[in-house]
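Biologist: Please walk me through the side-chain contacts and helix packing here. Short answers will do.

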Amino acid sequence: MGSFFEIKSYIQHLFRSKGKGGHGIHSPWVYELITQVLHRDKLFYFVDAIEAERKALLRKHTLLEIMDLGAGSHVSRSNKRSISEMASAALQPAPQAQALAKMVHHYQPEKIIELGTSLGITTAYLKSAKPTSELFTIEGDKAIAGVAKEVWQRLGLKDIELVIGNIDVQLPSVLQKMQRVDFALLDANHRYEPTLRYFNWILPYCHEDTILILDDIHWSKEMNRAWNDIVQHTAITISIDFFHFGLLHFKKGKEKEHFIVPLP
């Protein structure tokens, strides 16, 4: 949480949030998500190994020359960054990554797509939570993708479909290959127009049980506007603002419901 906008948004979220521990939430699906999934206390067997990889990345000072195709970083504007710097600034914190793993473990999606591989830590959580899943992840930079592949190799993770290239070019063909999206994580180009575009491209492949995660919804005014506009889409029946990320669900036959909830 680095920008003034993020800090201001976080304070507003604290005042508006409801349903801590599931109290006051009348949607059965959301109540189950919070009480039975996100409040799951037992750690997964793979957490320690993945977090050891995170710590190793935070200690690795090798410089990479990268091409940033997204909205950049709040921390650095240089195209040469150390792995440790990227790990510190760009990796999804453990509580958020583990929350996503809890969802994947509980709902068992067969087809998963991640936009924005980064150094591969969140990807590792998603794949470990459902090893038999068909998981596609798109990363714009070859050097960063190479580090992610090394992480997965050390963790013994296989059958991750890593696609290297611009999301605007690669996403349509990846979606055609998948044919269906059960779980999606959008954590790439943090700008308004690309975020709306990726959502609209993924939407035809979603079904009523699809879970779509939009990361960093309060990262900037642009991302906040993108989140608010997507929440209003007629296909969305349940939306949850967890501050660090937003969750979208497509359950049919339900009136539109929106929740602001603290992440456990």
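Modeller: A term before we start: buried means under 20% relative accessible area, exposed means over 50%, and partly exposed lies in between. Keep in mind that this is a predicted model.

Biologist: Is F46 buried or exposed?

Modeller: The cut-off for buried is under 20% relative accessible area. F46 has a relative accessibility of 5%, so F46 counts as buried.

Biologist: Which residue does F46 form a stacked aromatic pair with?

Modeller: Planes under 30 degrees apart count as stacked. In this pair the planes are 10° apart, with 4.9 Å from centre to centre. The partner is itself buried, at 10% relative accessibility. That partner is F44.

Biologist: Which residues form one aromatic cluster?

Modeller: The stacked pair F44 and F46 belongs to it. The full cluster is F44, Y45, F46 and Y125.

Biologist: How many aromatic pairs does a search of the whole structure find?

Modeller: Ring centres must lie within 6.5 Å to pair. The search covers the whole structure and finds 6.

Biologist: How many residues apart in sequence are the parts that W29 and Y107 tie together?

Modeller: The ring centres are 5.7 Å apart and the planes lie at 20°, so W29 and Y107 are stacked. W29 is in helix α2 (residues 28-38), and Y107 is in helix α5 (residues 94-107). The pair therefore ties together parts separated in sequence by 78 residues.

Biologist: Which of the two, W29 or Y107, is buried and which is partly exposed?

Modeller: W29 has a relative accessible area of 16%, so W29 is buried. At 24% relative accessibility, the partly exposed one is Y107.

Biologist: Which ring does R225 lie over?

Modeller: R197 offers one example of a charge over a ring: it lies over the face of W201, 5.8 Å from the ring centre. R225 sits 3.7 Å from its ring centre. The ring is that of Y192.

Biologist: What arc do the buried residues of helix α10 cover around the axis?

Modeller: Helix α10 spans residues 221-231, and its buried residues are M223, N224, A226, W227, I230 and V231. They lie on the same side of α10, because the arc they cover is only 160°.

Biologist: Are α8 and α9 roughly parallel or roughly antiparallel?

Modeller: The axes of helix α8 (residues 167-178) and helix α9 (residues 192-202) come within 10 Å and cross at roughly 15°. The crossing is right-handed. Angles under 35 degrees count as roughly parallel. The two helices are therefore roughly parallel.

Definitions and conventions. Residues numbered from 1 in each chain as written. Predicted model: local features only at pLDDT ≥ 70, side-chain atom pairs only at ≥ 80, totals over all residues. Heavy atoms only, no water. Buried < 20%, exposed > 50% of the residue type's maximum accessible area, 1.4 Å probe, protein only. Helix = DSSP H or I, 4+ residues; strand = E, 2+ residues; numbered from the N terminus. Arc of directions from axis to C-beta. Phe/Tyr/Trp six-rings, centres within 6.5 Å; stacked < 30°, edge-to-face > 60°. Lys NZ or Arg CZ within 6 Å of the ring centre and 35° of its normal. Axes fitted to C-alpha atoms, helices over the stretch in contact; angles between N-to-C directions. Parallel < 35°, antiparallel > 145°, perpendicular 65-115°, else oblique. Left-handed = near helix turned anticlockwise from the far one by under 90°.
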